[in-house]
Amino acid sequence: MHRTQDIMALICLLFLELPMFEMASGKVLEETYRKWVQYKEDCIKMIGNEPLPQASVFCNRSFDRYACWPDTPAGSMVNISCPFYLPWYYKVSHGVVRRRCGTDGFWVRDDSGQVWRDMTQCEEEEEVTSQELWFKQLMVSFRMLYTVGYSLSLFMLIMAVIILLSFRKLHCTRNYIHANLFLSFILRAVSVIVKDTMLERHWGKEIMKQTDAALGCRVAQVMMQYCVLANHYWFFGEAIYLYSVLIASVFIDNNKNLPYICLGWGTPLLFVVPWVVMKLLNENNECWAVNENMNYWWIIRFPILFASLINFLIFMKIVKVILSKLRASNQSGYPDYKLRLAKATLTLIPLFGIHEVIFIFATDEQTTGVLRYIKVFFTLFLNSFQGFLVAVLYCYANKEVRTELKRKLRSWRIEAEIVCCGQ
């Protein structure tokens, strides 16, 4: 029980140290676990290879899942360096953890019956600088923003999908694509939450028990990558649909929805499956959160980059077309077309995911310092609230949807009055 509490405290402290939420948390956890495994293996080798001491009475060498203890003469105290796998090791590298060997050749125990251990020098310092305190407060604020954004988006998106699928008059290719985009947002949010939960459970099981509990964690990681790709390719589908309506005919088929389904839900499989194969063959470690070979990561990164860049080009082309049409229709001589152009442009940005282009070349490995904080803020804010914004713009604020909702509400009111009067 005492060991379990020690490990869970270590995990809690580890989460407080993480600078990134979605992506870096898994990477830091996996790197820490790897160092722990290395430390454990080195200790096991020492236990098996070191010769026995000359003393007749001594405490046996052991590994208590926190530190590696050598044979210690009876009646003496043993000091060993703080374990190097600790995330804050750079702060406590000169510290030591202690145990006392009793005169009877057994490790001294505390009042609870557990082996006594003094690890105060290896714990993270409680006194932190004002900069570290500010950083932790900033991360807490980001976490709140992230949670509120995804919760609000999930609720609004689920209701929007129900509305678009419930009313027959709203069934058309445009709204069908909108509904699938909303669904991809929902799956993306859920997959991220599930992946983080599985990561946390995995590390708890792995450090406390020497069992392989990584399968569920890897499945969650794969599903998250698929959902993120699907989200981007439904952005791509939205861009292609609007391009086909305003500029050129694309995806002309008897079944107008099938090509978009293949693009949005099928295309991600072309990249996720090879990525999974490469991970299984070459980087089959724990939760697949660490990218040792960045070439494998580009299997996922490249299609996102490609779709975002094509979306941006289509966006610029459509804005140009809208501008020319607004100018042509501006017969009154008033420059109101500029306001209408600005409105059309702003509503297209979240639909096409244009904001992704801002940081698309700035990967997590390349950003440091203030730029990293800015990227974290914009990524968390835009990704968490984007679903809410898209649902509002393309469902709740849509004139066609509002008309259908008003008609349905009016019908329910009339039916209620008839039932009331009939009684």
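Start by selecting R99 and W107: R99 lies over the face of the W107 ring, 4.9 Å from the ring centre. As you explore, keep in mind that this is a predicted model.

**Zoom out to the whole chain**

Now show everything as a cartoon. You should find 11 helices and six strands. The chain has 423 residues, and 44% of them count as buried. Switch on the surface for a moment: the accessible area comes to about 23,200 Å², and carbon and sulfur atoms account for 62% of it. How do the contacts run along the sequence? Among contacts between residues at least 6 apart, 69% join residues at least 24 apart.

**Aromatic rings**

Next, colour the aromatic side chains. How many aromatic pairs are there in this model? The count comes to 11. One to look at is the pair of Y241 and Y260, which is edge-to-face, with 6.3 Å from centre to centre and 70° between the planes. Follow the backbone from one partner to the other: Y241 belongs to helix 6 (residues 214-246) and Y260 to helix 7, so the pair links distant parts of the chain, 19 residues apart. Are these two tyrosines, Y241 and Y260, buried or exposed? Y241 counts as buried because its relative accessible area is 19%, under the 20% cut-off. Y260 is buried too, at 3% relative accessibility.

Then select W36, Y39, F63, F84 and Y85 together. Ring pairs link these five residues into a cluster.

**Along helix 7**

Go back to helix 7, which covers residues 258-282, and pick out V273. Is V273 buried, partly exposed or exposed? V273 counts as partly exposed because its relative accessibility is 45%, and that class lies between 20% and 50%.

Keep V273 selected and add L269, V277, L280 and L281. Together with V273, these residues make a nonpolar surface patch of about 460 Å². Turn the surface on again to see the patch on the outside of the model.

**A last stop in a loop**

Finally, select R65, in the loop between strand 2 (62-63) and strand 3 (68-69). What is the sign of phi at R65? The phi of R65 is positive, about 70°, although R65 is not a glycine. Why pause here? Most residues other than glycine have a negative phi.

Terms used:
Residues numbered from 1 in each chain as written. Predicted model: local features only at pLDDT ≥ 70, side-chain atom pairs only at ≥ 80, totals over all residues. Heavy atoms only, no water. Patch = residues over 30% accessible without salt bridge, like charges linked within 9 Å, V, L, I, M, F, W, Y side chains within 5 Å. Areas by Shrake-Rupley, 256 points an atom, 1.4 Å probe, with all protein chains shown as cover. Salt bridge = Lys/Arg side-chain N within 4 Å of Asp/Glu carboxyl O. Helix = DSSP H or I, 4+ residues; strand = E, 2+ residues; numbered from the N terminus. Buried < 20%, exposed > 50% of the residue type's maximum accessible area, 1.4 Å probe, protein only. Phe/Tyr/Trp six-rings, centres within 6.5 Å; stacked < 30°, edge-to-face > 60°. Lys NZ or Arg CZ within 6 Å of the ring centre and 35° of its normal. Contact = heavy atoms within 4.5 Å.
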